[in-house]
Amino acid sequence: MRKRNFLLYLFLGVFFSVKAQNGPEIYPTHWWVGMKWNKLQLMLRQKGMADQASVSLSYPGVHLIKTERTENPNYLFVDIEISPETRAGTMQILIHHGNLVSSIPFVLKNKRPGNGTEYARGVTSADLVYLLMPDRFSNGDPSNDRFIDMNDTNCDRQNPYFRHGGDLQGITDHLGYFNELGVTTLWLTPVIENDQALTNEGKAFRSAYHGYAFTNQYRIDRRLGGNEVYGEFVKAAHAKGLKVIQDAVYNHVGDQHFLYLDQPSADFFNQWPSYTNTSFRDQPLVDPYSSDSDRLVTVNGWFARFMPDLNQRNPMVANYLIEYAIWAVEEFGIDGWRVDTYFYSDRNFLNRINQALYDEFPHITVFGENSMQSVTGQAYYCQNNIQTSWKSNLQGVIDFQWEGGALAGLNEPFGWSGGMLRLYNILVQDLLYKDPRRNQILLDNHDQDRFYSVVGEDFNKFKAGIVLLLTQRGIPQLYYGTEILMKNFKKPSDAEVRKDFPGGWKEDSVNKFLSSGKTVQENEAFEWIKTLALFRQKSSAISTGNTMQYVPKNGVYTYFRYDSKQTVMVAINSDSLPRNLAVSRFSERTGGFTRFRNVMTGDILPIGDLKLNEQEAIVLELLK
Ligand SMILES: [Ca+2]
Ligand SMILES: [Ca+2]
């Protein structure tokens, strides 16, 4: 060996060994062979790495398309194409700096089996979704409650705004509980790393326990258990017959995200001459008379000062978000995809990312948080029957309009257009949706007053609301603790509706996961939900059938769910007086049947006029 070469190899050896410990970050962290999304944009990040660097690679089936730089030398964007016949293995991305070469390993894996059958199965109106906040549900691993190398080292259950230590292990520990309740699907508020410092919001410092301020998409927050534990949680949930929905955010990240602290380019985020908040107004996005400036403030205004607004019109931003979405579903085996702050993102990007998920995972369900002021707005932002030039391809929305109608029906006085007429009118507008059964319906969530408080802790109204939730069209979503009558309004803040589940922490004095820890009424609430949920699981009429509703009369709202195999009648007396209900009006649906079976009690009685107590809801299966 000649001396010059020896020195070169010696030098390279040092370079490689240093690199092995301090290689650039690379996103996505790995990929799979045989994916539909086979033109991948790799984001490489290391201080100064893009300066006078060139890239090469040599791996059978993988082709380097191009390398792109931005004004920030810390980033290199490497576009590759993975041909269909490519085999799994580790390819080396070679970065050349003059005579120096560093090598970055990038793993191409085989896809997991069971796309659409074992994972990415989709969530349908046959399911019952249980929404929970991991930090507030159960602490299964006290060793991960805090990490001294993270920006927020607090964990204090006495402080409503701080982290409380709940985690993925705590949820895994209670999978049997969900089976018992009749839940089929878990939706966790975001599990992605939120390495945010406390933020001063109004009078109090708050932690990012809610999870909506991502700091690195490719990391599950260590305080919840990290990537490996998340994968194990999904696997364990699947083994118990439960599906998993992941909560995604495209609109913003946390201000401690590396993409914001070290921006690849000035247009990665929506910038304003001075800080501009979104108006939170959805109307300009739907209004045929709206101004460009109003639309711009809604979409490009920031959700909060510490949540920088991503510019999805930048192709690199779009690639980063799309590739992460596909990566997460394939990596963890996710079944459904919930998109936070949906209409605040660029709408053409939203269609692109939805389509990429549909192409890769044909059965996956994608639904958006569209907190909009009209049914028209909600329908406009999902697949619809409206004649407009721009069409959304989103499958369904979180149906806040339905929720408003249901709560009005339970709480408002009955009248020509009030009370149950409100809910009836919401369903009348279903003609706007391509398939309203794909909307997710709810009575409350982590951003709202708790349902039991909203109905004034009236147990009859509570039961009637559960009947609406579990028998109307759509994918029902239950918020954790509803089954044990957890209550509260968002006063002084939303922390009041995000209390710890009693019994989720070892030191808790009561355990409401057990019937022995619940009061008589809490047990009754649990059983009410469970009975209906288990009935629903086997009811084709409710999960996939049609709806026929009758104009509410004398305070009573009556509707049927039916198909060729089954007919279910639901009647709700929203009045504060008992009401008689003559069934002859419903002969279109009752014809051919002779008996009612009361789904909640099991009682069987001949078809005939009904008497409903005040605020009573009945669910009857019709028998021949
Ligand atoms: Ca913990
Ligand atoms: Ca935005």
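# Working through a predicted chain

The chain has 18 helices and 28 strands; helices (H or I, at least four residues) and strands (E, at least two) are DSSP runs, numbered from the N terminus. This is a predicted model, where local features need pLDDT of at least 70, side-chain atom pairs count only at pLDDT 80 or more, and totals for chains, interfaces and linings use all residues. Residues are numbered from 1 along each chain as its sequence is written, chains are lettered from A and ligands numbered from 1 in the order in which they are written, and side-chain values use heavy atoms, with hydrogens and water left out.

## Exercise 1: the whole chain

Task: work out how the radius of gyration of the chain fits the value for a compact globule.

Solution. Start with the rule: the radius is taken over C-alpha atoms, and the globule estimate is 2.2 Å times the number of residues to the power 0.38. For 624 residues that gives a value near 25 Å, and the chain comes in at 27 Å, which agrees. Next, look at the extent: the C-alpha trace spans about 100 × 55 × 50 Å along its principal axes.

Now check the inside. Of the 624 residues, 60% count as buried, meaning under 20% relative accessible area, with exposed being over 50% and partly exposed in between (1.4 Å probe, protein chains only). Take contacts (heavy atoms within 4.5 Å): among those between residues at least 6 apart in sequence, 73% join residues at least 24 apart.

## Exercise 2: surface and charge

Task: find what share of the accessible surface belongs to carbon and sulfur atoms, and how far apart the centres of the positive and negative side chains lie.

Solution. Surface first: the total is about 25200 Å², and carbon and sulfur atoms own 51% of that. The areas come from the Shrake-Rupley method with a 1.4 Å probe; for residues, only the protein chains shown count as cover.

Then charge. Lys and Arg count as positive, Asp and Glu as negative, while His and the chain ends are not counted. Each charge is placed at NZ of Lys, CZ of Arg, CG of Asp or CD of Glu. That makes 64 positive and 69 negative side chains, with the two centres 3 Å apart.

## Exercise 3: cysteines

Task: count the disulfides, then decide whether Cys155 is buried or exposed.

Solution. A disulfide needs a pair of cysteine sulfur atoms within 2.5 Å, and the structure holds 0 of them. Cys155 has 16% relative accessibility, so it counts as buried. Cys382 is also buried, because its relative accessible area is 1%.

## Exercise 4: around Ser453 and Asn488

Task: place Ser453, list what it touches, and say what is unusual to look for in phi of Asn488.

Solution. Ser453 sits in helix α14 (residues 451-454). At 6% relative accessible area, Ser453 is buried. Skipping residues up to four places away in sequence, Ser453 touches Lys487, Asn488 and Phe489.

Follow that to Asn488, which lies in the loop between β20 and α16. Its phi is near 140°, a positive value in a residue other than glycine. Asn488 is partly exposed, at 26% relative accessibility. Pro492 has its place in the loop between β20 (475-479) and α16 (520-537), and the peptide bond from Lys491 to Pro492 is cis, with omega near 5°.

## Exercise 5: more loop geometry

Task: find which residue is joined to Pro28 by a cis peptide bond, and where Phe280 is found.

Solution. Tyr27 is the partner of Pro28, with omega about -5°. Pro28 itself lies in the loop between β1 (25-27) and β2 (31-32). Phe280 is in the loop between α6 (258-261) and α7 (283-286). Phe280 isn't a glycine, yet its phi is positive, about 65°. With a relative accessible area of 40%, Phe280 is partly exposed.

## Exercise 6: helix α13

Task: name the buried residues of α13 and the elements they pack against.

Solution. In α13 (residues 420-428), the buried ones are Met420, Leu421, Leu423, Tyr424, Ile426 and Leu427. These pack against helices α11, α12 (400-411) and α15 (459-471), plus strands β21 (546-549), β22 (556-562) and β23 (567-573).
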